[in-house]
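Hi everyone, thanks for making time. I'd like to walk you through one model today, so let's get it up on the screen.

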Amino acid sequence: MTEDFDVRLVTEAKYYYPDPQYKRNSWMGDYQTAYKNFLADPDAFWSTMAQELDWIRPWDAVKEWKYPYAKWFTNAKLNVTLNCLDRHVNDHRRNKVALIWKGEEGRERIFTYQSLLSSVNRFANALKKIGIKKGDRVCIYMPLVPEQVIAMLACARIGAVHSVVFGGFGAAALNMRINDAEAKVVVTADITVRRGKAIQLKTIVEEAIINAPTVEHVVVLRRRKPMVDLQDPIEIDFDEIMEGVSDECPAETMDAEDPFFILYTSGSTGKPKGIVHACGGYMVGTYYTSKYIFDIKDNDIFWCTADPGWITGHSYIVYGPLAAGATIFITELTPDYPDAGSYWKLIEQQKITIFYTAPTAIRMFMKMGESWPNKYNLNSLRIIGSVGEPLNPEAFEWYYHVIGKDKTPILDTWWQTETGMLLITTVLGEPLRPGFAGKPIPGIIADVVDKNGKSVPPGTGGFLIIKAPWPSMLRTVYKDDERYRKYWYTIDGVYTAGDLAVKGKDGYIMILGRSDDIIIVAGHNIGTAEVESALVSHHAVAEAAVIGKPDMVKGNSIKAFVILRVGNQQSDKLMQELIYHVRNTLGPIAVPQEIEFVEKLPKTRSGKIMRRVLKAKELGMDPGDVSTLEE
Ligand code: PRX
């Protein structure tokens with residue numbers, strides 16, 4: 001194994017025991033019992049879950065597994081929005097608050113289930129008006145405003161496949177995603193607001209669609225007054241196309257296996273992977289985990305701090321919580337603006353009951369000091385969660401003591417864009433173990449194995465794998481099924497997640513980090529190859545290699561080693577120019593923190609850069625086996 005871990009953490013078991021009322025009052029009840037029930041008859045388990053939802057036509061079989069392809073709820077018909085919206089509008093939740101949004105100047109917008117459905121239907125009709133049909137791809141590149149959620153649900157209403165691109169991506173990254181998905185429409189806004197500043201989004205879209213032949217229209221939400229000009233006939237105003245359309249729109253009948261959305265994630269090549277999810281299985285998986293793992297009850301207010309542009313936002317802002325009939329809270333505010341108490345103030349004001357955030361944010365909170373959360377009343381919290389990267393024991397302790405007041409269970413949830421829903425955590429009521437995400441949830445069979453797929457003993461590092469298909473798993477990589485097959489063929493017969501992990505004697509799993517060339521920076525997946533190719537696209541760069549370096553707050557930071565083309569001199573100015581170039585190409589999230597100019601890079605005889613050697617040298621560690629190193 002290349003990743004080190006603190007063996008004491010694995011051998012010296014330390015637990016926190018939650019109040020038994022958590023288990024007693026939860027939807028799940030006892031974890032062991034639920035897990036046993038699932039193992040006894042997995043299809044019956046999933047069938048019971050699916051039956052809690054509305055279907056237009058029931059399934060013939062719960063699953064059809066032809067390795068490595070799975071179909072779930074075969075021949076069933078549904079529409080996800082009937083479950084996220086109409087189901088509630090037709091029962092006691094009609095006037096329940098579905099969504100609360102808070103903007104920077106204290107502005108608040110509230111949607112009930114009924115009013116959210118009306119907005120979704122109107123935007124769905126608007127999309128139809130500009131020619132969008134079932135199966136067409138719509139790219140959503142928006143700030144964190146209710147319209148982002150409405151646009152997603154409107155696509156789902158009419159069976160259009162959305163590809164949401166996080167608003168922090170640059171023009172080239174956006175262009176690549178638009179072209180790969182062959183999007184017909186891009187939905188955007190004039191600006192996004194961050195820490196009191198307006199950041200232009202539309203100008204990035206303008207650049208991104210220059211070489212995007214499939215784009216017919218750009219729908220622009222104009223937030224600023226006076227409004228920006230639109231270029232007729234391509235650019236259309238978001239509110240204007242909603243005018244005069246009906247607030248009723250029949251939900252398109254979808255097959256359970258019809259593609260639901262595409263979401264791009266970094267891979268080990270420069271080209272991101274368009275992860276494709278299917279309607280039926282994704283709905284069941286996100287509903288199940290929202291209700292039974294987050295234990296959503298009618299009086300909860302659920303705040304997931306992710307952006308809907310990431311899978312966490314898709315699954316636990318939009319589809320899962322709404323299917324479970326929750327009240328969701330979203331905000332454009334950042335944790336450090338207007339001051340370091342902004343999130344805690346919101347928890348106090350909104351009486352948030354379930355708070356779901358990322359380790360990078362938790363470490364930032366730690367750095368800003370506990371006096372900030374201590375100023376506010378956080379008593380409403382009953383569950384606090386974490387996702388995106390390992391929650392290190394120090395951050396766990398801080399989160400548990402300072403935010404959870406030594407009584408609120410932490411759900412450290414492990415999952416991926418590819419898995420659609422969370423797969424590993426410590427189910428409510430079970431003892432919490434700092435440093436460990438927990439165990440596979442009922443519905444999931446996971447293990448830690450060696451490269452031949454053999455279980456490794458407790459305390460030994462290995463590859464995290466999932467042994468059987470689950471409903472919300474990815475169905476393919478868009479237009480690149482070979483990359484899908486790799487997940488199931490890297491280790492024969494099982495799904496390889498690409499993460500390293502270690503299991504304790506108690507079966508708890510600790511996630512150690514990625515086993516491939518992906519760096520998780522502040523919870524965002526960045527492919528080394530993507531950053532390298534962005535650098536090499538600069539005229540002064542001949543070659544580049546990128547590694548991740550441990551960072552106290554962000555988990556990792558990016559360091560790039562660059563060989564310049566002959567005739568170029570290294571200088572601070574050039575370094576700044578390269579940073580600017582990466583920012584413009586990929587966006588601020590992928591910018592290297594450090595660039596070092598070098599004459600040579602360590603390579604194998606076949607010419608592959610050995611990033612492992614660079615990393616070991618950088619961190620003063622043993623580089624391991626270097627027999628394949630050329631020099
Ligand atoms: O390395 C794991 C890490 O994030 C990767 C998946 O990233 P992404 O597809 O962007 O999805 C993030 C949100 C679900 C995983 O392969 N990761 C995610 N959750 C955890 C984690 N690492 C450790 N602990 C977690 N709870």
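Before I talk about domains, a word on the term: the domain bounds I'll use come from an automatic or database domain assignment. And please keep in mind that this is a predicted model.

With that in hand, the assignment for this chain gives domain 1 (82-252) and domain 2 (518-618). Their C-alpha centres lie 34 Å apart. Domain 1 puts eight residues into the contact, and domain 2 puts in eight residues as well. How much area is buried between domain 1 and domain 2? It comes to about 490 Å², and carbon and sulfur atoms give 59% of that.

Now to the ligand, which I suspect this group will enjoy. There are 17 residues around the ligand, and those that come nearest are Asp412, Thr413, Thr417, Asp499 and Arg514. By character, the shell splits into seven nonpolar, six polar and four charged residues.

Let's go through some polar atom pairs. Asp412 has a polar side-chain atom 2.8 Å from a nitrogen atom of the ligand. In the side chain of Gln416, an N or O atom sits 2.9 Å from a ligand oxygen atom. For Thr417, the distance from a polar side-chain atom to an oxygen atom of the ligand is 2.6 Å.

And how much of the ligand does the protein bury? On its own the ligand exposes 530 Å², and 96% of that is buried by the protein. Looking at where the shell comes from, the elements that each supply two or more residues are α12 (311-323), β20 (410-413) and β27 (509-514).

That's my tour; thanks for listening!

Terms used. Residues are numbered from 1 along each chain as its sequence is written. This is a predicted model: local features need pLDDT of at least 70, side-chain atom pairs count only at pLDDT 80 or more; totals for chains, interfaces and linings use all residues. Side-chain values use heavy atoms; hydrogens and water are left out. A residue is near a molecule or strand if one of its heavy atoms lies within 4 Å of it. A polar contact is a pair of N or O atoms within 3.5 Å; within protein, one must be able to donate a hydrogen and the other to accept it, and residues adjacent in sequence count only if both atoms are side-chain atoms. Accessible areas come from the Shrake-Rupley method with a 1.4 Å probe; for residues, only the protein chains shown count as cover. Helices (H or I, at least four residues) and strands (E, at least two) are DSSP runs, numbered from the N terminus. Ala, Val, Leu, Ile, Met, Phe, Trp, Tyr, Cys and Pro count as nonpolar, Asp, Glu, Lys and Arg as charged, and the others, Gly among them, as polar. Contact means heavy atoms within 4.5 Å. Buried area is the accessible area (1.4 Å probe) that two parts lose on being put together, summed over both.
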